Amino acid sequence: MKKVFTCLSFILVLISCKKDSIDVGIQYDIAPEFTVYVNKFYEEATSRGITIARENLIVKANLNLGQTDICGKCKQNTQYPSLQRTVEINTESLTCWKSMPENNREALVFHELGHCLLGRLLHKDDLFNDGSPKSIMISSNSDLYSPCVYVLDDKPELCNKTGRRKYYIDELFDENTPAPDWSK
Ligand SMILES: [Zn+2]
């Protein structure tokens with residue numbers, strides 16, 4: 001009986017050691033200003049039947065990016081994806097987070113999570129015939145589905161792109177999403 005107990009404790013030690021080493025990689029910590037967008041990302045995944053564990057993700061502001069045109073980045077070890085994944089958002093530059101309407105902030109966070117959580121490592125810069133990007137994974141930050149910037153626009157239907165949101169989120173989760181009607 002004593003022998004069995006010794007064996008059991010040995011197994012427990014092994015498990016707990018393993019757990020300790022995994023904990024380093026599965027830290028989940030989202031800075032408050034990004035929580036709403038990260039939560040929306042998980043909601044959009046769930047509504048499409050895609051389950052993504054809330055683990056191994058840090059989303060935080062990167063003040064060192066300063067006045068550059070890099071608005072965000074995903075840092076991960078592509079060879080060992082179970083190691084820490086970190087999204088950094090540039091909250092300092094006047095052309096990035098600070099000046100972005102809500103929908104563009106969402107698109108930026110979704111783009112970075114596309115890299116970090118969906119395995120979409122490459123950018124997709126293809127355009128539709130009307131000049132609109134085909135994907136939220138476009139390399140340059142772009143107004144994909146934002147509302148009109150100026151309230152007094154004469155023809156709001158031309159500048160209001162909020163109706164395009166569904167297509168871009170669909171395409172983020174499924175690259176084979178057919179081209180939407182508005183692009184034809
Ligand atoms: Zn990117």
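## Working through a predicted fold

In this chain, take the contacts between residues at least 6 apart in sequence: 60% of them join residues at least 24 apart. Keep in mind that the model is a predicted one. Here are some exercises to try with the structure open.

### Exercise 1: Get your bearings

Work out which elements make up the chain, and what share of the residues counts as buried.

*Solution.* Start by counting elements: there are five helices and four strands. Next, walk along from the N terminus, and you get the order α-β-α-β-β-β-α-α-α. Finally, check burial: 24% of the 184 residues count as buried.

### Exercise 2: Two helices crossing

Describe how helix 2 and helix 3 sit relative to each other, and say which residues meet.

*Solution.* Step one is the geometry. Two packed helices are described by the angle between their axes and the distance between the axes. Here the axes of helix 2 (residues 32–47) and helix 3 (residues 102–117) come within 9 Å, crossing at roughly 60°.

Step two is to put a word on that angle. An angle from 35 up to 65 degrees is neither roughly parallel nor roughly perpendicular, so it counts as oblique. Helix 2 and helix 3 are therefore oblique to each other. The hand of their crossing is right-handed.

Step three is the contact itself. Helix 2 brings Phe 34, Tyr 37, Val 38, Lys 40 and Phe 41, and these meet Arg 105, Glu 106, Val 109, Phe 110 and Leu 113 of helix 3. Sort the residues of this contact by type and you find seven nonpolar, three charged and no polar ones.

### Exercise 3: The largest nonpolar core

Find out how many residues the largest nonpolar core has, and which elements supply them.

*Solution.* The core has 26 residues, and those with the most contacts inside it are Val 109, Phe 110, Leu 113, Ile 136 and Tyr 168. Two or more residues each come from helix 2, strand 2 (57–61), strand 4 (86–89), helix 3 and helix 5 (165–173). Helix 3 gives the largest share, seven residues.

Now zoom in on Tyr 168. Skip its neighbours within four places in sequence, and Tyr 168 is in contact with Ile 136, Leu 144 and Tyr 145. In helix 5, the buried residues are Tyr 167, Tyr 168, Ile 169, Glu 171 and Leu 172. Helix 2 and helix 3 are among what covers them.

### Exercise 4: Three loop residues

Decide for Pro 147, Gly 131 and Asn 56 whether each is buried, partly exposed or exposed.

*Solution.* You need the cut-offs: 20 or more other C-beta atoms within 10 Å means buried, 12 or fewer means exposed, and in between is partly exposed.

- **Pro 147** is in the loop between helix 3 and helix 4 (156–159). It has 15 C-beta neighbours inside 10 Å, so Pro 147 is partly exposed. Beyond residues up to four places away in sequence, Pro 147 touches Pro 101, Asn 103, Asn 160 and Thr 162.
- **Gly 131** also belongs to the loop between helix 3 and helix 4. With 7 other C-beta atoms within 10 Å, Gly 131 is exposed. From C-alpha to C-alpha, Gly 131 and Ser 183 are 8.4 Å apart in space, though 52 residues apart in sequence.
- **Asn 56** sits in the loop between helix 2 and strand 2. Its 20 C-beta neighbours inside 10 Å make Asn 56 buried. One more thing to spot: Asn 56 isn't a glycine, yet has a positive phi of about 55°.

Note on methods
Residues are numbered from 1 along each chain as its sequence is written. This is a predicted model: local features need pLDDT of at least 70, side-chain atom pairs count only at pLDDT 80 or more; totals for chains, interfaces and linings use all residues. Axes are lines fitted to C-alpha atoms, for helices over the stretch in contact, and angles run from 0 to 180 degrees between N-to-C directions. Angles under 35 degrees count as roughly parallel, over 145 as roughly antiparallel, 65 to 115 as roughly perpendicular and the rest as oblique. A crossing is left-handed if the near helix is turned anticlockwise from the far one by less than a right angle, and right-handed if clockwise. Two residues are in contact if their C-beta atoms, placed from the backbone, lie within 7 Å. Ala, Val, Leu, Ile, Met, Phe, Trp, Tyr, Cys and Pro count as nonpolar, Asp, Glu, Lys and Arg as charged, and the others, Gly among them, as polar. A nonpolar core is a set of buried Ala, Val, Leu, Ile, Met, Phe, Trp, Tyr and Cys residues joined through C-beta atoms within 7 Å.
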